[in-house]
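Thanks for making the time this morning. I would like to walk you through one model, going from the sheets to the helices and then to a few individual residues.

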Amino acid sequence: MQKWEKTPTTMHSTLRRSVLTSGANLIASASASSQAAFLAQLTCDELAALPYLFDFWALPHQLPPQGDWRTWVILGGRGAGKTRAGAEWVRAVVEGPTPHAAGRAARVGLVAETMDQAREVMVFGDSGIMSVCPPDRRPNWIATRRMLIWPNGATAQLFSAHDPESLRGPQFDAIWADELAKWRKAEDAWDMLQFGLRLGDCPQACVTTTPRRTAMLRDLLDRATTVMTHAATQANRANLADSFLAEVEGRYGGTALGRQELEGVLLSDVEGALWTVADLAAVQIDEAPTCDRIVVAIDPPGTSHAGSDECGIVVVGVAMKGSPHNWRAVVLEDATVSAARPTVWAEAAIAAMHRHGADRLVAEVNQGGDMVEAVLRQVDPLVSYRCVHASKGKVARAEPVAALYEQGRVSHVRGLAALEDQMTQMAASGFAGKGSPDRVDALVWALQDLMIEPAAKWKNPKIRGL
């Protein structure tokens with residue numbers, strides 16, 4: 001391969017013009033004839049440079065934002081191209097217009113959770129630094145010093161976030177921190193990195209991470225000097241195996257864990273949450289078992305206008321075997337709707353009953369009283385209906401239901417992400433999310449009817465007829 005002596009900016013402009021001339025916006029996905037026509041326009045130098053022009057091939061979230069920032073956080077799902085973006089950013093700040101010309105940065109820190117991860121992912125991984133650098137600009141690996149040295153003299157040293165004290169002393173003009181959200185000593189390690197990020201006119205850090213509920217990541221994103229780009233796993237689907245996408249979407253799509261790991265969404269961290277993402281990931285099932293009894297529970301909104309809360313509608317079934325203490329429940333559907341008119345949520349609840357062959361509809365009537373039953377019976381006069389009254393607060397009602405989950409007695413059919421998001425924001429101190437936890441309220445009423453009340457009756461000999 002010929003050496004690339006042109007500047008990236010010049011080469012990028014040349015290729016841009018070639019693309020416009022050929023009429024192709026996405027060369028990689030164009031037809032073979034279009035690709036051949038495009039390539040035929042390029043010189044030998046341009047052909048040699050083409051695979052290494054990342055700003056030409058990159059997805060939008062893989063390019064650094066404009067402006068004066070100190071930290072760029074690339075937040076994305078698994079396989080979204082975060083590592084490639086981090087490695088290419090290191091290239092961009094280290095390389096000059098020619099292999100031996102200086103770049104913007106000369107001393108780089110590469111930090112991962114462990115030294116092995118830094119070496120195997122950030123340096124030698126399929127999307128690591130050694131893979132993305134052109135042959136004439138590829139750095140040498142000095143294993144004994146855990147260091148990369150570029151032809152222009154720039155260096156990058158590897159560090160483990162597990163040992164924050166090792167970061168006390170080194171200084172940098174650029175830092176690439178990978179998977180910061182999983183660092184066990186994230187706050188200590190990041191503090192040491194900030195003290196060391198002090199060289200040059202504009203020292204900067206690039207953070208590539210899948211989101212996790214950590215205070216460190218949340219605080220970093222809240223800083224005025226931080227910018228963020230974001231992408232889901234699907235954004236990089238052209239570079240991922242179809243079987244991988246089908247497997248992870250089928251297994252985790254529509255769950256809270258899927259929103260975090262595939263969609264790259266940072267779910268808010270709630271201290272003292274009754275349910276965690278890990279808890280809910282553990283209860284996922286692909287298919288619902290046969291249920292002996294099914295209920296649809298409703299938490300109606302207190303008002304009926306465009307700004308009203310949602311109407312929580314949740315379908316839950318139970319498999320009855322032995323005493324109620326041995327019963328197992330499964331959440332079948334979250335049919336919650338946003339509706340200004342009561343008839344809309346009433347129709348949605350009745351439709352959910354018919355879909356699942358439910359035995360009963362349970363509705364809270366603290367707000368609405370007889371109106372709730374009247375609206376439901378307008379839709380289905382013969383609906384099996386039971387009203388319930390909230391004598392305790394939302395948290396007090398939810399805690400016994402959370403205990404059922406702790407006992408492993410409740411499962412979720414995959415696809416309940418919105419409900420699970422609300423569940424992870426229910427804490428002993430109250431609901432930390434926006435608005436009202438309508439979905440959780442409906443879930444609580446369903447499990448109260450199916451599991452908690454039967455268990456309470458079972459304990460009472462008089463009720464059991466003994």
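Before anything else, a definition that we will need when I come to bridge partners: two strands are said to pair if DSSP finds at least two bridges between them. Please also keep in mind that what you see is a predicted model.

As for the overall picture, the protein chain has 18 helices and 17 strands, and 49% of its 466 residues are buried. Taking the contacts between residues at least 6 apart in sequence, 70% of them join residues at least 24 apart.

Let me begin with strand β12, residues 328–334, in which six of the seven residues are buried. This strand runs antiparallel to β11, residues 312–319, with six bridges joining the two, and within that pairing valine 314 has aspartate 334 of β12 as its bridge partner. β12 also pairs with β15, residues 410–413, this time in the parallel sense and over three bridges, and here alanine 329 is matched with valine 410 in β15.

Now to the open sheet, which is formed by eight strands in the order β3-β4-β5-β2-β6-β7-β1-β8, with mixed pairing. Its edges are β3, at 140–142, and β8, at 226–231, and because each of these has a single partner strand, one side of each is left without a neighbour in the sheet. From one strand to the next, the twist averages 20°. The partner of β8 is β1, residues 71–76, and the two pair in the parallel sense over six bridges, with valine 73 standing opposite methionine 228 of β8. Across β2, β3, β4, β5 and β6 lies helix α6, residues 115–123, which runs at about 140° to β5.

Staying with β8 for a moment, which residues does alanine 231 touch, if we leave aside those up to four places away in sequence? They are His61, Leu75, Gly76, Gly77, Ala80 and Glu263. Alanine 231 lies in strand β8, and it counts as buried because its relative accessible area is 5%, under the 20% cut-off. Its C-alpha atom is separated by 8.8 Å from that of valine 265, a residue 34 places away along the chain.

Turning to helix α15, residues 394–406, we can make a simple check of its length: at 1.5 Å a residue, its 13 residues should span 18 Å, and the end C-alpha atoms are indeed 18 Å apart, which agrees. The buried residues of this helix are Val395, Arg397, Ala398, Val401, Ala402, Leu404 and Tyr405. After α15 comes glycine 408, whose phi is positive, near 75°.

Tyrosine 405 brings me to the aromatic pairs, of which the structure holds four. One of them joins tryptophan 275 and tyrosine 405 in an edge-to-face arrangement, at 5.6 Å centre to centre and with 80° between the planes. Since tryptophan 275 lies in the loop between α11 (256–261) and α12 (277–281), whereas tyrosine 405 belongs to helix α15, the pair ties together parts that are 130 residues apart in sequence. Both tryptophan 275 and tyrosine 405 are buried.

Lastly, the cysteines. How many disulfides are there? The count comes to zero. Of two cysteines I would point to, cysteine 133 counts as buried, at 0% relative accessibility, whereas cysteine 202 is partly exposed, with a relative accessible area of 39%.

Note on methods:
Residues are numbered from 1 along each chain as its sequence is written. This is a predicted model: local features need pLDDT of at least 70, side-chain atom pairs count only at pLDDT 80 or more; totals for chains, interfaces and linings use all residues. Side-chain values use heavy atoms; hydrogens and water are left out. Helices (H or I, at least four residues) and strands (E, at least two) are DSSP runs, numbered from the N terminus. The expected span of a helix is 1.5 Å times one less than its number of residues. Buried means under 20% relative accessible area, exposed over 50%, partly exposed in between (1.4 Å probe, protein chains only). Axes are lines fitted to C-alpha atoms, for helices over the stretch in contact, and angles run from 0 to 180 degrees between N-to-C directions. Contact means heavy atoms within 4.5 Å. A disulfide is a pair of cysteine sulfur atoms within 2.5 Å. Rings of Phe, Tyr and Trp (its six-membered ring) pair if their centres lie within 6.5 Å; planes under 30 degrees apart count as stacked, over 60 as edge-to-face and the rest as tilted.
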